[in-house]
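Take a first walk through this structure. The text below starts at one residue and works outward.

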Number of protein chains: 4
Amino acid sequence: MSAAAAEDRALPSLPFDDDALHEECGVFGVIGVTDAANFVALGLHALQHRGQEAAGIVTHDPEAGFNSARRMGYVRDNFTSHEVIRTLPGTIGIGHVRYSTSGNKGGTAMRDVQPFFGEFSMGGAAVAHNGNLTNAAQLRKELIERGSIFQSSSDTECIIHLMARSMGRTIPDRMEEALRKVEGAFSVVAMTRTKLIGVRDPLGVRPLVLGRLGDGYVLASETCALDIIGAELMREVEPGEMVVVTGEGVESHRPFRPRPSRFCIFEHVYFSRPDSILGGKSVYETRRQIGVELAKEAPVEADLVCPVPDSGTPAAIGYAAESGIPYGMGIVRNQYMGRTFIEPSEQIRNMGVRLKLNVNRALIRGKRVILVDDSVVRGTTSRKIKEMILDAGAAEVHFRIASPPTAWPCFYGVDTPERDKLLASHMSEEEMCAHLGVDSLRFISLDGLYRAVGEARGRDPERPQYCDACFSGEYPIVPADMVERGFQLKTAAE
Amino acid sequence: MSAAAAEDRALPSLPFDDDALHEECGVFGVIGVTDAANFVALGLHALQHRGQEAAGIVTHDPEAGFNSARRMGYVRDNFTSHEVIRTLPGTIGIGHVRYSTSGNKGGTAMRDVQPFFGEFSMGGAAVAHNGNLTNAAQLRKELIERGSIFQSSSDTECIIHLMARSMGRTIPDRMEEALRKVEGAFSVVAMTRTKLIGVRDPLGVRPLVLGRLGDGYVLASETCALDIIGAELMREVEPGEMVVVTGEGVESHRPFRPRPSRFCIFEHVYFSRPDSILGGKSVYETRRQIGVELAKEAPVEADLVCPVPDSGTPAAIGYAAESGIPYGMGIVRNQYMGRTFIEPSEQIRNMGVRLKLNVNRALIRGKRVILVDDSVVRGTTSRKIKEMILDAGAAEVHFRIASPPTAWPCFYGVDTPERDKLLASHMSEEEMCAHLGVDSLRFISLDGLYRAVGEARGRDPERPQYCDACFSGEYPIVPADMVERGFQLKTAAE
Amino acid sequence: MSAAAAEDRALPSLPFDDDALHEECGVFGVIGVTDAANFVALGLHALQHRGQEAAGIVTHDPEAGFNSARRMGYVRDNFTSHEVIRTLPGTIGIGHVRYSTSGNKGGTAMRDVQPFFGEFSMGGAAVAHNGNLTNAAQLRKELIERGSIFQSSSDTECIIHLMARSMGRTIPDRMEEALRKVEGAFSVVAMTRTKLIGVRDPLGVRPLVLGRLGDGYVLASETCALDIIGAELMREVEPGEMVVVTGEGVESHRPFRPRPSRFCIFEHVYFSRPDSILGGKSVYETRRQIGVELAKEAPVEADLVCPVPDSGTPAAIGYAAESGIPYGMGIVRNQYMGRTFIEPSEQIRNMGVRLKLNVNRALIRGKRVILVDDSVVRGTTSRKIKEMILDAGAAEVHFRIASPPTAWPCFYGVDTPERDKLLASHMSEEEMCAHLGVDSLRFISLDGLYRAVGEARGRDPERPQYCDACFSGEYPIVPADMVERGFQLKTAAE
Amino acid sequence: MSAAAAEDRALPSLPFDDDALHEECGVFGVIGVTDAANFVALGLHALQHRGQEAAGIVTHDPEAGFNSARRMGYVRDNFTSHEVIRTLPGTIGIGHVRYSTSGNKGGTAMRDVQPFFGEFSMGGAAVAHNGNLTNAAQLRKELIERGSIFQSSSDTECIIHLMARSMGRTIPDRMEEALRKVEGAFSVVAMTRTKLIGVRDPLGVRPLVLGRLGDGYVLASETCALDIIGAELMREVEPGEMVVVTGEGVESHRPFRPRPSRFCIFEHVYFSRPDSILGGKSVYETRRQIGVELAKEAPVEADLVCPVPDSGTPAAIGYAAESGIPYGMGIVRNQYMGRTFIEPSEQIRNMGVRLKLNVNRALIRGKRVILVDDSVVRGTTSRKIKEMILDAGAAEVHFRIASPPTAWPCFYGVDTPERDKLLASHMSEEEMCAHLGVDSLRFISLDGLYRAVGEARGRDPERPQYCDACFSGEYPIVPADMVERGFQLKTAAE
């Protein structure tokens with residue numbers, strides 16, 4: 001499409017990686033610490049599960065000015081050497097890990113790697129965000145017509161151009177003005193020469209927390225990134241809040257019209273790390289509780305409760321505890337799998353899931369096995385796992401899924417297939433069970449999921465407490481660009 | 001020391017990696033399949049836990065002759081591209097993954113990466129081995145005096161030079177003659193233009209299995225490497241056996257004087273993958289059984305049984321099941337840790353275990369926690385984990401270790417610190433408990449371990465069924481080179 | 001200064017490379033040929049002497065859109081593999097080789113490598129230019145104030161932003177409008193999806209030629225780039241002309257107010273390749289003629305005329321022919337010198353000119369030697385060469401310089417030291433002779449140089465036929481940004 | 001053929017590079033200087049014309065022992081960074097540049113890159129050599145039969161194995177014994193922990209000089225490598241001499257039966273650098289004298305004497321001076337050509353000589369041109385150059401060749417095509433003239449060449465003063481391996 005696209009393509013993902021949802025980004029920022037880049041690198045390493053394709057760091061130092069480094073690949077492989085860190089001096093810095101852009105599924109180009117930087121008349125600013133702008137295409141078109149030159153296919157660049165065209169006298173003012181023009185889900189971390197800025201969209205779809213590290217402050221997508229550097233959780237940045245952090249402390253702004261929050265419920269199910277705290281709740285404990293609910297909603301006689309590693313493990317522990325059926329590692333994950341094979345040969349591509357998972361045949365043989373997995377997307381991996389389990393001699397295979405059927409794509413920063421690729425978009429639970437060829441298949445109910453995250457009465461259908469569009473098809477923010485391209489919203493009949 | 005040493009040094013391991021034992025090698029070979037290199041790469045990927053520093057593959061094709069590729073780093077990063085695989089044509093191939101040489105703890109040089117190749121008057125042969133020759137230094141000295149030129153610091157090269165000097169008329173004959181001169185633990189996989197050869201030392205210290213894949217045959221250190229390519233386990237190569245595999249089938253030779261076998265018991269505890277089968281027993285099930293034995297031998301009142309991931313998991317499941325105390329993931333492992341940070345900056349080095357593990361604070365807080373780990377080597381990691389758990393607010397910390405105290409170094413292919421670095425070499429269980437600062441610390445007994453691996457009566461002190469030198473100090477093969485360098489064998493008094 | 005600066009720095013030049021003037025760029029474009037990228041790569045290879053630090057190519061293909069590749073280093077090392085060329089499909093393409101930016105003497109950043117690309121509402125365009133805009137800093141400041149985001153430190157980017165803000169309905173219209181706002185010396189090559197565009201500034205300071213290749217057309221800085229691909233020279237693009245080339249042919253526009261041309265006379269002396277044709281004159285023949293003039297103006301009794309390789313060779317041949325003194329290779333150049341040593345160790349840096357040149361001692365010994373060089377910049381290399389020649393036993397050393405004293409910096413696309421670093425800015429010919437310690441030193445006169453390039457009556461002082469600001473201090477275009485920064489123009493007294 | 005061959009192949013040469021002879025190696029050694037590796041790197045840089053594919057350096061330091069580095073590519077790109085040099089500590093070191101092995105024309109493997117290293121019972125030694133052993137295949141076969149393991153396809157490795165098997169008590173003793181068993185042309189540079197050793201074969205076919213640098217000593221293939229580091233030429237190592245250099249000084253040994261010397265006459269014509277001194281004679285001056293002889297032997301009426309750059313230049317200068325016909329640069333060489341294009345695309349491969357050379361059309365047009373080249377090998381380049389010259393409008397083209405017809409391959413360390421690929425092996429001068437399609441073609445006579453190198457009476461047919469086998473077919477050393485493979489020596493009839 002655009003120039004430079006050929007230059008630095010991302011490595012392809014493995015085919016069987018297609019059958020999972022991927023958070024698209026993680027953000028991190030720190031101010032008031034020596035060698036900020038080191039802390040940013042560690043924070044991004046802790047957030048690596050939110051984006052494995054590329055990472056970027058920007059820092060500022062009064063003498064050296066703004067400096068940045070962007071690399072394809074893991075944080076640990078690219079951002080931990082003296083050689084790189086010493087090119088990033090300063091006591092303030094932000095960083096970003098990413099999976100892929102909404103517009104560029106084929107791979108990440110280096111020029112799309114955040115943070116983005118803009119030089120304004122009052123100085124420079126760097127911006128990174130987690131989420132997705134639902135009106136980015138429209139904004140982009142308008143900005144180009146007025147003479148902005150885009151360098152990337154990333155929607156984050158819209159924010160920079162909107163800031164450049166703002167008449168605001170300070171960078172935070174310009175950011176407020178810019179963000180009032182964008183729609184969608186976003187948790188932004190930004191920096192100027194002296195300020196660290198964090199913003200969450202009005203609904204607070206994506207997470208962002210504020211922490212304290214000695215005399216400095218930290219912003220991060222998840223609390224696990226505070227833990228790794230020994231920072232203390234202060235609070236979440238609130239939906240619709242902008243925090244501006246300087247050496248003097250934290251100022252709170254409210255640039256947007258207040259609205260009831262709609263945090264992404266899938267963060268609890270899958271995206272966030274189990275050792276993170278979301279909305280005051282332990283992710284691990286929520287997932288274990290999902291397993292408990294699932295055991296209550298969908299019991300079955302069996303000999304073994306077995307997680308599909310690694311994401312199904314907490315729910316499997318909960319299911320086993322509630323049901324009294326023994327817990328066991330019936331599937332073993334190859335810990336050296338990493339993100340991907342580089343240019344795998346055809347023979348290796350066809351190995352699929354066997355490269356990553358092996359059945360513990362001695363444990364499985366002759367048993368009635370309950371497999372607990374986090375979700376079913378296309379169903380291709382589920383089929384392969386079922387085959388492996390049966391090949392190993394299991395007597396019965398029962399799938400229990402720790403989320404409701406994923407029937408709708410996400411437009412708020414999660415990489416999902418098109419709607420018709422989602423198994424649940426066109427099959428009932430029974431049809432999926434037959435399609436996968438298992439003895440039983442049960443998803444947790446939407447109410448059961450809400451109970452597990454702490455809503456004792458389940459989902460409020462009038463005013464849902466979370467964004468659950470991927471399950472319910474009820475989109476709290478109109479996906480304007482997608483509708484423009486022809487996406488059909490849920491009708492009253494559905 | 002020698003030339004070329006400066007050329008290609010291995011990456012340094014992280015400091016906290018020092019506090020674990022490492023299997024030094026894994027071997028794999030295949031004959032009678034199209035594109036053998038692809039299968040070797042997959043097999044080595046499944047054996048990656050046995051050696052992460054480097055890997056090598058040799059194949060033979062009637063037209064292209066012998067070809068090899070050797071790389072530092074993971075199999076998945078180096079041996080899966082078309083570009084590499086097409087340089088390795090042929091229907092026969094062998095491969096090797098390695099951790100480090102006995103003589104070269106500072107890192108692996110490329111020239112030390114197996115398989116080794118030798119051109120003899122009757123043709124070429126490639127050799128790879130898992131284990132350690134206990135008289136390699138003596139052999140090397142003699143061979144140099146007679147005019148052999150060594151290219152590496154690997155003891156495997158002795159085998160090649162002994163073969164070169166043999167008067168045997170076939171390569172298997174020369175290998176027999178060579179192996180009769182070496183002492184130590186070795187599972188060898190070798191190939192000529194037409195033959196795949198596997199040998200285990202007379203005591204069968206290290207594992208080696210034989211499998212069938214269509215019309216072809218496979219040799220591998222562990223059964224998990226058969227699973228990944230869909231091969232079927234035929235049997236283990238027996239202690240003291242040499243198998244010579246051609247298109248026609250498998251010939252069995254017995255080059256050595258028969259002796260009772262002494263398989264490495266630590267393979268059950270830690271080295272092998274939980275989904276492998278050793279001596280007909282599931283490694284996962286053995287480890288779970290160790291947890292059961294440990295719960296019987298060393299019960300304690302507590303609220304949570306928590307594995308130290310990942311190796312403590314099966315024993316923790318067993319301990320929880322036997323004790324009735326809930327099982328939970330109190331420690332979460334960063335799956336993006338990989339082998340190492342490349343040239344970590346000082347600040348990052350000091351992060352130590354926090355880069356790899358995080359405590360699930362919400363789960364741990366206020367609980368009496370039983371931590372189940374596989375072993376205690378230097379004790380440094382155990383101390384750090386204890387501190388993390390207490391910082392997270394645990395009420396009590398009880399360590400339960402799935403192996404007896406490791407008090408002696410291994411000279412049979414496992415990388416262990418010098419004896420005085422082993423905590424158990426100079427401390428009793430009580431002293432270690434005080435040193436680590438935990439509420440209790442208990443190791444499984446040696447008899448308990450033997451029971452868990454299926455010896456109902458425990459260890460036979462007259463004629464132990466396994467090699468357990470690291471626990472007992474009873475070395476079934478005299479470590480001649482080490483004694484020459486001053487190592488003190490266990491005295492009657494000890 | 002700006003973000004990303006740390007990412008990809010250029011390799012440092014060797015110290016003794018400081019003592020030469022460097023053309024900053026070469027441009028090339030082609031339309032109407034299969035696999036345009038191949039031709040662009042060859043053309044840039046032929047223009048490599050105009051810029052060795054980096055190169056970039058953009059092509060367009062109806063299906064693949066615009067694609068680009070930019071690399072640090074030589075064309076031959078980066079743009080000749082299948083792998084790169086196949087990422088650049090299309091029948092239209094442009095390219096650029098560069099030495100360094102005016103604003104960024106420390107090295108070239110990847111983001112400064114041309115061509116630059118902009119997406120406008122009517123489609124994309126790529127732009128590359130050879131020259132220097134003398135009001136770029138002012139334009140940049142204004143554009144930033146109005147909301148443009150700059151991605152590079154290159155003055156070429158101003159052109160793209162001016163085009164983006166133009167209300168013109170076609171890209172050539174926008175380019176005309178943009179170029180009417182810039183001042184300075186520029187030869188621009190640009191492309192849209194269907195058009196190849198070439199422009200020279202009103203004075204025509206930098207060269208640009210138009211050629212024919214089969215049914216296609218070519219634009220190039222010099223004719224040697226036509227020769228390498230077998231294209232035929234049609235004519236020069238004229239000063240102040242814009243040519244727009246499509247499948248149908250060449251349209252000529254005149255966007256600027258007509259002015260008398262002032263082509264850079266130093267292109268004849270040094271920058272252009274000797275096999276190129278400038279203004280209908282052979283560069284080689286002009287240089288030989290300079291030698292002839294020099295022999296007439298500054299004869300001396302000697303035994304040997306010796307060029308300082310390689311640029312002094314044609315003038316030395318002319319001097320020898322005119323004077324009757326034998327010509328010989330008294331200095332031999334190491335053809336493997338290349339652009340630079342990568343990170344040379346201190347010892348090697350200090351070797352200076354000996355790495356590149358060696359004296360042919362047997363030839364020099366006892367002789368009175370006339371050394372013919374192209375220019376004297378700082379004088380450091382001249383001193384070292386003189387020392388080498390005397391060490392080798394020369395009886396006398398006479399320097400003859402094929403250009404007048406370089407006393408003023410160039411602001412039109414040539415990388416010159418600050419004025420006070422130029423030896424001729426503060427020394428007379430006699431002082432320089434004493435400073436260098438040679439037996440005689442003579443520069444060609446400005447009139448002699450004009451005669452050699454074909455102006456039989458020499459320079460017209462009222463209305464000079466060429467730009468000779470570096471010799472005369474008479475700048476045909478006011479260097480506005482430099483004057484703003486404090487540069488002192490020549491006073492009437494000088 | 002052998003393992004590891006696939007690992008690290010050399011870059012392919014361009015097709016038109018096939019049409020030249022290539023020296024296969026250059027050697028350098030130094031003792032008694034601080035940071036010897038720096039000097040070795042500089043010396044090898046000066047010898048780069050003797051081998052461009054790869055280079056290697058070994059040094060020894062009492063603390064760090066022997067260290068080595070080997071790289072594909074140019075010295076300046078690989079051996080000048082601090083990073084590499086600091087891995088090569090010590091005050092003694094040797095190095096080698098190479099073109100290709102005799103056995104491995106397809107490219108150089110890293111394992112074939114010299115120096116080679118061997119650990120003997122009395123310590124280690126590194127060996128590098130320039131030349132070719134004519135009985136290497138026989139020696140290799142015998143050594144393998146006795147149990148030596150070869151790691152490379154290089155004939156130098158035979159020397160190491162012969163040394164390993166020697167009963168000599170010192171390394172110089174072992175080297176003497178080894179070298180008495182080899183046949184062929186060799187100039188060896190070797191080192192132990194404390195000694196620098198240089199040897200030339202009994203005929204002294206390849207050059208080797210001894211120099212002095214402060215308190216240290218230097219060995220080098222050519223004097224230009226002394227010049228670059230400021231060392232002073234002491235003398236040539238004599239044919240059949242072994243020098244052993246220590247801190248105390250230089251010892252001279254005579255390991256071989258004395259024989260009349262037969263230095264390679266082609267070193268004067270082409271291989272050596274024009275600024276080197278061979279046998280007390282300036283190479284430049286010899287080549288100029290060849291041009292003078294050629295003008296006497298083969299005069300022709302013409303307008304221009306034009307060298308084929310760069311190697312034809314001195315002879316063209318001589319021809320022009322003797323004939324009185326003007327000298328001019330009718331062909332211009334692209335100085336950025338370098339060794340090769342990496343993986344050139346087909347289109348670029350077909351460009352052939354135009355990538356490297358361009359005709360100075362303005363100079364050539366309408367002229368009768370004498371082209372002076374160093375040699376004709378296959379004739380393919382000569383044809384292309386002739387076409388370029390005629391295309392440019394030359395009236396006549398006369399080739400004058402500065403060597404006699406090359407009709408026989410060299411087996412003494414020069415890479416020549418098989419005999420039937422040599423144009424002169426099956427064509428007379430007249431036939432070649434017709435084949436090339438030029439107006440006249442004349443080679444210097446063998447006697448003329450001898451006169452130019454200083455033999456006033458020409459060649460002594462009974463006892464030729466030089467090795468001129470490539471011209472005469474008279475091989476002073478029987479090429480035993482080649483004869484074994486079927487090479488037909490010259491018969492009495494020829």
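Start at Cys264(A), which lies in strand β15 of chain A, a strand made of residues 263-264. This is a predicted model, so every position discussed here comes from a prediction. Is Cys264(A) buried or exposed? Cys264(A) is buried, because 27 other C-beta atoms lie within 10 Å and 20 are enough for that label. Setting aside residues up to four places away in sequence, Cys264(A) touches Val205(A), Arg206(A), Tyr412(A), Tyr466(A) and Cys467(A).

One of those partners, Cys467(A), shares a record with Cys264(A). An unreviewed UniProt entry gives the feature "binding site" at Cys264(A), Cys410(A), Cys467(A) and Cys470(A). These residues span 207 residues in sequence, yet no two of their C-alpha atoms are more than 10.1 Å apart, so they gather at one spot.

Look next at Cys470(A). Helix α16 of chain A, residues 469-472, holds Cys470(A). Cys470(A) counts as buried because it has 28 C-beta neighbours inside 10 Å. Its contacts, not counting residues up to four places away in sequence, are Phe266(A), Thr406(A), Trp408(A), Cys410(A) and Thr416(A). Cys410(A), in that list, is also one of the "binding site" positions in the UniProt entry.

Another cysteine carries its own label. The unreviewed UniProt entry lists Cys25(A) for "active site". Cys25(A) sits in strand β2 of chain A, which covers residues 25-31. Cys25(A) counts as buried, because 27 C-beta neighbours lie inside 10 Å. Which residues does Cys25(A) contact, leaving aside neighbours within four places in sequence? They are Arg50(A), Gly51(A), His96(A), Val97(A), Arg98(A), Tyr99(A), Asn130(A) and Gly413(A).

Now step back to the whole of chain A. Its domain assignment gives domain 1, residues 15-262, and domain 2, residues 287-453. The centres of these two domains of chain A, taken over C-alpha atoms, are 33 Å apart.

How confident is the predictor? Chain A averages a pLDDT of 90, and 90% of the residues score at least 70. Two stretches of chain A deserve caution. Over residues 1-17 of chain A the pLDDT stays under 50, and the model has 53 contacts for them beyond four places in sequence. Over residues 339-343 of chain A the pLDDT is also below 50, with 15 contacts beyond near neighbours in sequence. For the complex, the predictor gives an ipTM of 0.87 and a pTM of 0.86.

Turn to how the chains meet. The contact between chain A and chain B takes 52 residues from each chain. On the side of chain B that touches chain A, 26 residues are nonpolar, 16 polar and ten charged.

How does chain B lie on chain A? A turn of 180° and a shift of 0.0 Å along the axis lay chain B on chain A with an RMSD of 0.1 Å. That is the relation of a two-fold axis. The same surface serves both copies, as 100% of the contact residues of chain B recur in chain A.

Other pairs stay apart. Chain A and chain D do not touch, and their nearest C-alpha atoms are 13 Å apart. Chain B and chain C do not touch either, with nearest C-alpha atoms 13 Å apart.

Finish in chain D. Phe411(D) lies in the loop between β22 (396-401) and β23 (414-415) of chain D. Phe411(D) counts as buried, because it has 24 C-beta neighbours inside 10 Å. Phe411(D) and Leu133(D) are 278 residues apart in sequence, but 8.3 Å apart in space, C-alpha to C-alpha. Leaving aside neighbours within four places in sequence, Phe411(D) is in contact with Asn132(D), Thr134(D), Pro479(D) and Met482(D).

Methods. Residues numbered from 1 in each chain as written. Chains lettered and ligands numbered in written order. Predicted model: local features only at pLDDT ≥ 70, side-chain atom pairs only at ≥ 80, totals over all residues. Domains from an automatic or database assignment. pLDDT = per-residue confidence, 0-100. Contact = placed C-beta atoms within 7 Å. Nonpolar A, V, L, I, M, F, W, Y, C, P; charged D, E, K, R; others polar. UniProt positions renumbered as here; feature names shortened; annotations may be inferred. Helix = DSSP H or I, 4+ residues; strand = E, 2+ residues; numbered from the N terminus. Buried ≥ 20, exposed ≤ 12 C-beta atoms within 10 Å, placed from the backbone. Least-squares fit on C-alpha atoms with pLDDT ≥ 70 in both.
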